[in-house]
Amino acid sequence: MIRFILLQNRQGKTRLAKYYIPLEESELHKVEYEVHRLVVNRDPKFTNFVEFRTHKVIYRRYAGLFFSLCVDITDNELAYLESIHLFVEILDHFFTNVCELDLVFNFHKVYLILDEFILAGELQETSKKAIIERMGELEKLD
Amino acid sequence: MGSQGGFGQSKEFLDLIKSIGESRSKAEEDRIVLREVETLKVRLNDPNTPKYKLKEYIIRLLYVEMLGHDASFGYIHAVKMTHDENLLLKRTGYLAVTLFLNEDHDLIILIVNTIQKDLKSDNFLVVCAALNAVCRLINEETIPAVLPQVVDLLGHQKEAVRKKAVMALHRFSQKAPGSVSHLVSNFRKKLCDNDPGVMGAALCPLFDLINADADKYKDLVVSFVNILKQVAERRLPKSYDYHQMPAPFIQIKLLKILSLLGTGDKKASEQMYTIVGDIMRKCDSTSNIGNAILYESICCVSSLHPNPKLLEAAADAIAKFLKSDSHNLKYLGIDALTRLIKINPEIAEQHQLAVIDCLEDPDDTLKRKTFDLLYKMTNSSNVEVIVDRMIEYMISINDSHYKTEIASRCVELAEQFAPNNQWFIQTMNKVFEHAADLVNAKVAHNLMKLIAEGFGEDDDTADSQLRSSAVESYLRIMGEPKLPSAFLQVICWVLGEYGIADGKYSASYIIGKLCDVAEAHPDDDTVKAYAVTGIMKIYSFEIASGKPVDLLPECQSLIEEMLASHSTDLQQRAYELQSIFTLDAQAAKKIMPMDSTCDDIEIDKNLSFLDVYVQQAIENGAQPYIPESERLGISSVSDFRSHDEHEPSTHALRFEAYELPKPSLPHNIPPVLASSTELVPVEPSYVIDILHPTSAPSASDAGSSELKLRLDGVQKKWGRPTYSSPAPSSSSTDLVKVQNETPRPDSTGSSKPKTRDTSYDSRKQQNEIPPEKQKLAASLFGGSSKSEGRHPPSQKNTKTQTHTSDKSRSSKASAPDTAVKPSQPPPDLLDLGEPSIASSVPSVDPFKQFEGLFDFTQETTPPASTGGVDGASKDSDFTSLFADMSLSAQSHIDPNPESNGLGGSKVEPSSPQLNKGPNLKEALEKDALVRQVGVTPSGQNPNLFKDLLG
């Protein structure tokens, strides 16, 4: 199960944070700080998996942004690594050549996309087409 | 679609983001945010604010909170927004509440009603928004309020709604398994849903249910196999393909389910062999996702009833993983190997050099995974090498969490496989020296016990040799500064018991040493208590042997100090020590018999010698004693240990009330004062109990103690000696559990396969391997053939086995507990980071950062080469998987599809626009738009405009 997903830039500024388990406010910031520290200076040749407390963080860097997923120890690391990539592909499709700035200005939309992709800590939909279509329906409202 | 039309926010919002992006310091940023908070407060509270504006304010509020500031003043406005009729506002309201609120927030009660209404809405978008909120905000108490509607929605005509309804029920079953137990048939039905997305979603709850009890779902094996077959045959819509693999995420979930169903079930396994074999054959091992499926297949094969053909295929796949250059694949290879050696221990042998490479890798994640493997393949012939390596690593790390784990593994392996006692004691000394306070206290007792009991009954010389060497090593070690308290306790005990046993050291020498220990640790009452008792033993041995005894001056001053101690325990020990001197030899011998720690003492637990007295009292009209359990009307009570065992194994919330713990009897019986004739473990626990009254319970609820006092199960300090009963299911205990959820260590780590094989043979397979590596490999993998000739840890081991029968159990059970313990106070920030992380982020050269965009373009790549064309590097470089291009059908993807998969696609830094392909124009427009709104990339983050997938 996914515990949380974080998007942070190199400076550690949170661009998106979604938690699928309840955490105290103070704990949230600590988690974000710790995850950033864990991933930001890791050698790119190293694995994309880091132990984090009793779970593990699967992260992947795109340009200046780090996408980090915290999952259970028993989960399939590579599959979650690819799910990050799938998410980025969806974002890229939605925003057309997505860049960090898109995510900054439209973070609320990113949350909506995420809600179509992951729900209750599990991948609920893995078809890019289905998600894009759903977002199209939501966009029509604007 | 998307944001081509602009960002859709007001100038004000864009300015806010811009100014925050450009702020030079945290203080400046805080000022900006605080100003924004003030603005929002005024505007949100202004009744005249138009609704469409409100929506943006709520989004700005989200932004403020994401920056780490408190936005709680606006939560109520977000809640109000969910009530709005306008779908856009409602959706924004739901989005905001799911991000702002936790399921136990007070405002939830105001939303439940709206959710109920919205779940019945005709507009499926409203229903979806409400379902998203249900997944996040509905707690155990509110489940019944929405459950009927959510179940109805399983039959909704829109697949998006059905899917979300399945996920909501999945959430419910996690939170309160009882609440949906009658709905299992619905999940089964959803497997046959027309929409693959709904089917995929239904796998999540089914996985959990099968994980809990596989036997009930054996009939589904055929269905799962069929679905998997259809997926593998590409019968699902093309849109589920990802990097040319058909619905890989669904495949992986199905493989996970199959491995649960096939575990230990030959018949079920046989139904799966064909499809699993097919999948392994079809996997595209050049893409990440293909390897993810391959890895999951190996996991599945390793838990099914063994099938030679599949095992062979799995071994081949593992070999490929391990030979890969990618750390990710190596990591998976090591993990898969760990699973497979349970079935076929020989398989590790051919990979010995790869394993050793991983062990020496600077990447901690990989290294630790390799230690997991070594831990599982330890046997009596390689234990020395492996444990030495582990200790070496243990010393080098700072992460107390992992240190604890690896220390307890060392202890476990040493206890199980130690070739001789000498080695065992040395190993334990090393572990204790560096991590004594992290390992279970039980381990210290086991060590003392081993020293006391020695090899066995018939080998006294070996025993005394062992003790002498222990004493000698301790006398050497004890001079070192900063020894952990638990280790000092062991040292004091051993010195007291055996310091003068072999006559090598004089009593006054040992006593002097013990006094030094007590003096050097003025704040550690436990150590002092051990030291005084040690001194007491030595004096009484001396008195018993009839030698003239004189009180050393430093000992005298120690006694005086302790007589005035705040600790009553220390006082009492000091008084006892004083009175020892007044005894004659005969009495001293009785009180402290030499070397009698292993003697059994008969304890009359029923206190039958008091029967007469009780009888008299009753005859005189006293009330007869009613046992506590009867008084409170409890039928069955589990003791503390059962808590220890099952608690860490569940990650999920536990909703049922805690059982009333039985007052643990052994703790309450005041043992006969620290005489050496006691059972060994009692004496230390006596000390610990007295000095740290909280330490015993903290093993079972260490996680919660930091948050609030939990008084259930704790004897009341004042008043009647009853136990306060736990609240039935107060939300506060829920909160506590929830807190525990994350930091809970996983219990799977401590499960241990007992399958060992002893038939490796050491073959040197490759040349040009450094000799030391070969040696290490041989000792790790090839040593077993010698093991016949070697003195097996025969007697001692069986002995340890018998007396560890309970210790190993408890050490296993409590390993996760100790793992939690040090993390209170909450995990040290510094612990989790690698020590080498320097805080150099701000000082990074912006150009360097810019290069970073292109993800690890290696310096060897000539700057002018158009990376993507280089097909030769196709399979050699997994490291660029960060940069690998999407294979999606997007217009701007790399023109060389063949170089995409595994990242031959080195992106050319100096001409990023090449990659924009046909979308160059759009990108330019976007940049122009950005400039128009006045946002410029700040010096801090020049990446803002960079295509993430570029």
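Which element of chain B has the highest mean pLDDT, and which the lowest? Among the elements of chain B, helix 13 (residues 248-262) has the highest, at 96, and helix 40 (residues 829-832) the lowest, at 35. Here pLDDT is the predictor's confidence in each residue, from 0 to 100, and helices are DSSP runs (H or I, at least four residues), numbered from the N terminus, as are strands (E, at least two). This is a predicted model, in which local features need pLDDT of at least 70 and side-chain atom pairs count only at pLDDT 80 or more. Residues are numbered from 1 along each chain as its sequence is written, and side-chain values use heavy atoms.

**Confidence**
- Chain B has a mean pLDDT of 74, with 67% of its residues at 70 or more.
- Over residues 667-709 of chain B, pLDDT stays under 50; where pLDDT is low, the predicted coordinates should not be read in detail.
- For the complex, the predictor gives an ipTM of 0.97 and a pTM of 0.69.

**Aromatic cluster in chain A**
- A:Tyr62, A:Phe67, A:Phe87 and A:Phe117 make up one aromatic cluster; rings of Phe, Tyr and Trp (its six-membered ring) pair if their centres lie within 6.5 Å, and planes under 30 degrees apart count as stacked, over 60 as edge-to-face and the rest as tilted.
- A:Tyr62 and A:Phe67 are edge-to-face because their planes meet at 80 degrees, with ring centres 5.4 Å apart.
- A:Phe67 and A:Phe87 are also edge-to-face, at 75 degrees and 6.3 Å.
- This pair links strand 5 (residues 65-71) of chain A, which holds A:Phe67, to helix 2 (residues 77-95) of chain A, which holds A:Phe87.

Notes
Chains lettered and ligands numbered in written order. Contact = heavy atoms within 4.5 Å.
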